[in-house]
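Welcome! Let's work through a structure together by asking how each label is earned.

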Amino acid sequence: MPLNLTVSPDFAPSHISGWFIFNTWMQRQLGEGIHLELYDSFDAQREDIKAGKYDLVYANPFDASMLVRDLGFKALVRPLAKADETIIATNADSSIRSVEDLDPGCQLYTTDDPDVNRIAMIMLEAADLDESNTQSHTVDSYVIVARNILKGSADAGFFLKDAYDELSDLIRSQMRVLITSEISVVHHTFLVGPKLQERAEEIQKFLIAMSNDAKGKSVLDSMGLQGFEEMTEEETEFMIDLIDTLID
Amino acid sequence: MSEHDTNDVRDVVIKYNDGTSRTTTVVDREVPYPEGKLIVSRTDTKGNITHANQAFVEMSGYMHEELIGQNHYILRHPDMPAVAFSGLWETIQSGKKWHGYVKNLRKDGAYYWVKATVIPNIRKGVVVGYTSVRRKPSRSKISESEALYKTLL
Ligand SMILES: Cc1cc2nc3c(=O)[nH]c(=O)nc-3n(C[C@H](O)[C@H](O)[C@H](O)COP(=O)(O)O)c2cc1C
């Protein structure tokens, strides 16, 4: 039976091939077959993770909580210099200059990315906006969120900052950023399941060493990552506690 | 920041639950919450600060070294009613999450409002400390809290 790997669906489409290259690299390091499965939907992926389908997961911070606390996974590393931050943006021609200018009943465009949606809603709380007095439209990608802002159907849209930064200059020039989160301690993690605990240390070592050699470096480049750094158990617990305070 | 601010300066004695007290200067001037940030701190089980993030350092006006090891009550503002904090401690000591609006006192005597969430840090079934994460509160919640806390003082 090969091992199973999955990756949180929030990476840029241009990095899909990078994750397959990573999977090949991982198989060589581990000396075992690994099947990589990618998802478009966070919810569908979460159901399969809960059903115990995966041994290796590159998870977004909200799913990391579930993986560690409920499913006995262990976080080994986090990506270097890559915190998950959230942007709320509007049309550049709009009169809206800050989240406080958004009114009840406003139309929000979002993806189904749980971290981004949660952090964005927290930033909207300061304007007395929540699920009960806004209209959320969930679309398939950040490009579609942007398109709805440009068309004027969205009063505001939510973005993962990395995804926003990867939009074309032309698209970004037609939007205005209302707020960017600066949380810095909430990020993705690479985790291994209970079946792989014995090899956890070995896996952690080769992931950390990845940026030291040319082959590893080129794999990282193809995923749009600079490298991985160690995540201690207490750092993981700390991040999970923090996320817990953001969920009501 | 708040339209009520008078910039009045007064000296007050703040009494803490552990029997100690200090005299300090309070200025009626609000410092705005930093946009997009979370203010994060952790304490041991007695409320002594063990971790403070950069936003906490900047907003409190203390240096990082001054905060670590201090009891969290150094941020206690005299306009906060004691019952707010007894409710906090009761909730977290029973293992639950606490939410509330808090007016905090800075080192320079000015104040800032936060919406705080405090949770127990449970490691291998044991509470080893607490984490507090604050976010920006809305003006309407601040006004409601100001009105409520006045009646509880
Ligand atoms: C994690 C944590 C964070 C806290 N943060 C604050 C705070 O920001 N401001 C504050 O006045 N009290 C805070 N408290 C409550 C204080 O410990 C203390 O109860 C309060 O300042 C009132 O002082 P007293 O209990 O001596 O009356 C916090 C407590 C914990 C456990």
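**Two domains, two chains and a ligand**

The centres of domain 1 of chain A and domain 2 of chain A, taken over C-alpha atoms, are 27 Å apart. The model is a predicted one, and the questions below go through its interfaces in turn.

Q: Which residues make up the domains of chain A?
A: The domain assignment gives residues 3-82 + 185-247 to domain 1 of chain A, and residues 86-180 to domain 2 of chain A.

Q: What makes domain 1 and domain 2 of chain A parts in contact, and how many residues does each give?
A: Contact calls for heavy atoms within 4.5 Å. In chain A, 16 residues from domain 1 and 10 residues from domain 2 take part in the contact.

Q: What is the area buried between domain 1 and domain 2 of chain A?
A: It is about 990 Å², with 57% given by carbon and sulfur atoms. On the side of domain 1 of chain A, Phe42(A), Phe62(A) and Leu246(A) supply 48% of the area buried against domain 2, more than any other three residues.

Q: Why is the pair Asp162(A) and Lys82(A) called a salt bridge?
A: The label needs a side-chain nitrogen of Lys or Arg within 4 Å of a carboxyl oxygen of Asp or Glu. In Asp162(A) and Lys82(A) the closest N and O atoms are 2.6 Å apart, so the pair fits the rule. Across the interface of domain 1 and domain 2 of chain A, the rule finds one salt bridge.

Q: Which elements of domain 1 of chain A give two or more residues to the side that touches domain 2?
A: They are helix H2 (42-50) and helix H3 (61-69) of chain A. H2(A) provides the largest share, three residues. By kind, the residues on this side are six nonpolar, five polar and five charged.

Q: How many residues of chain B are in contact with chain A?
A: 25 residues of chain B meet 25 residues of chain A. Leu38(B), Arg123(B) and Arg135(B) lose the most area to chain A on the chain B side, together 27% of what that side buries. Between them, the two chains bury about 1900 Å², 51% of it on carbon and sulfur atoms.

Q: How do you know that Glu234(A) and Arg123(B) form a salt bridge?
A: The cut-off is 4 Å. The closest N and O atoms of Glu234(A) and Arg123(B) are 2.9 Å apart, therefore the pair meets the rule. Across the interface of chain B and chain A, nine salt bridges are found.

Q: Which element gives the largest share of the chain B side that touches chain A?
A: That is E6(B), with six residues. The residues of this side of chain B divide into six nonpolar, eight polar and 11 charged.

Q: Which of the residues around the ligand come nearest?
A: Of the 15 residues around the ligand, they are Asn17(B), His72(B), Trp89(B), Asn104(B) and Arg134(B).

Q: What makes the approach of Asn104(B) to the ligand a polar contact?
A: A polar contact is a pair of N or O atoms within 3.5 Å. A polar side-chain atom of Asn104(B) is 2.7 Å from a nitrogen atom of the ligand, so the distance is within the cut-off. For Asn17(B), a backbone N or O atom lies 2.8 Å from an oxygen atom of the ligand. In Trp89(B), an N or O atom of the side chain is 2.8 Å from an oxygen atom of the ligand.

Definitions and conventions:
Residues numbered from 1 in each chain as written. Chains lettered and ligands numbered in written order. Predicted model: local features only at pLDDT ≥ 70, side-chain atom pairs only at ≥ 80, totals over all residues. Heavy atoms only, no water. Buried area = accessible area lost by both parts, 1.4 Å probe. Helix = DSSP H or I, 4+ residues; strand = E, 2+ residues; numbered from the N terminus. Nonpolar A, V, L, I, M, F, W, Y, C, P; charged D, E, K, R; others polar. Domains from an automatic or database assignment. Near = heavy atom within 4 Å. Polar contact = N/O pair within 3.5 Å; in protein donor to acceptor, adjacent residues only side chain to side chain.
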